[in-house]
Amino acid sequence: MCSQRVLTAGVFSLSLTLLLLCVTLCLRMGEAGGNKLTSVDFEIFGNVQGVCFRMYTEKQGLHLGLVGWVKNTHGGTVVGQVQGPTHNVEEMKVWLSKEGSPSSRITRFCFSNQRNIDKLELSGFKTRF
């Protein structure tokens, strides 16, 4: 009898954990009601090449549950696009404009084509070449 209670409690705990995980993923991907999705393009100026800016951008985007891409330009800037829940996109914009990679020095930034989207148009977060 005692082992059956422990097993039942363990199954309940696992079920609750899985439910919370599903809810969290749905919220992060904007599929829950009221969580709008946003897409925005960006260009970052300054000392942003040769300082792992793309790698850190990819890492931060994934950390925030966003999808997108990032790449260096011939003009010495970094450009890209991010998509995801509006709040997370706004957090990413702050990170891109004020923080960046540890060795980067951001002097200017430009965000353009910000728009609401019905569903994500990209998957994953990739560095383009």
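With which side chain does the side chain of Gln81 make a polar contact? In this predicted model, the partner is the side chain of Asp41, at 2.7 Å. Gln81 itself belongs to strand S3, which covers residues 78-85. With a relative accessibility of 13%, Gln81 is classed as buried, because the cut-off for that class is under 20%. Leaving aside residues up to four places away in sequence, the neighbours that Gln81 touches include Ser39, Val40, Asp41 and Phe42. Val67, Gly68 and Trp69 are also among the residues in contact with Gln81, as are Leu122 and Phe125.

Attention can now turn to the nonpolar interior. The largest nonpolar core holds 16 residues, and those touching the most other members are Phe42, Phe53, Val82, Met92 and Leu96. At least two residues of this core come from each of strand S1 (37-47), strand S3 and helix H3 (86-99). Helix H3 provides the largest share, with four residues. For a closer look at one core member, Leu96 is a handy example: setting aside residues up to four places away in sequence, Leu96 touches Phe42, Ile44, Phe53, Thr57, Ile106 and Phe111. Two of these names are already familiar, since Phe42 and Phe53 appear beside Leu96 in the list of core residues that touch the most other members.

Charged pairs come next. Side chains of opposite charge can pair when their charged atoms come close. Two salt bridges are found when the whole structure is searched. One joins Glu90 and Lys93, with 3.6 Å between the closest N and O atoms. Both residues sit in helix H3, three residues apart, so about one helical turn separates Glu90 from Lys93. The two partners fall into separate accessibility classes: Glu90 is partly exposed, with a relative accessible area of 33%, whereas Lys93 counts as buried at 14%.

The other salt bridge brings together the side chains of Glu121 and Arg115, at 2.8 Å from N to O. Here Glu121 is partly exposed, having a relative accessible area of 46%, and Arg115 is likewise partly exposed, at 36%.

Finally, the cysteines deserve a brief word. A search of the whole structure for disulfides returns zero. Cys52 has a relative accessible area of 45% and is partly exposed. Cys110, at 37% relative accessibility, is partly exposed too.

How values were computed:
Residues are numbered from 1 along each chain as its sequence is written. This is a predicted model: local features need pLDDT of at least 70, side-chain atom pairs count only at pLDDT 80 or more; totals for chains, interfaces and linings use all residues. Side-chain values use heavy atoms; hydrogens and water are left out. Buried means under 20% relative accessible area, exposed over 50%, partly exposed in between (1.4 Å probe, protein chains only). A polar contact is a pair of N or O atoms within 3.5 Å; within protein, one must be able to donate a hydrogen and the other to accept it, and residues adjacent in sequence count only if both atoms are side-chain atoms. Contact means heavy atoms within 4.5 Å. A nonpolar core is a set of buried Ala, Val, Leu, Ile, Met, Phe, Trp, Tyr and Cys residues joined through side-chain atoms within 4.5 Å. A disulfide is a pair of cysteine sulfur atoms within 2.5 Å. A salt bridge is a side-chain nitrogen of Lys or Arg within 4 Å of a carboxyl oxygen of Asp or Glu.
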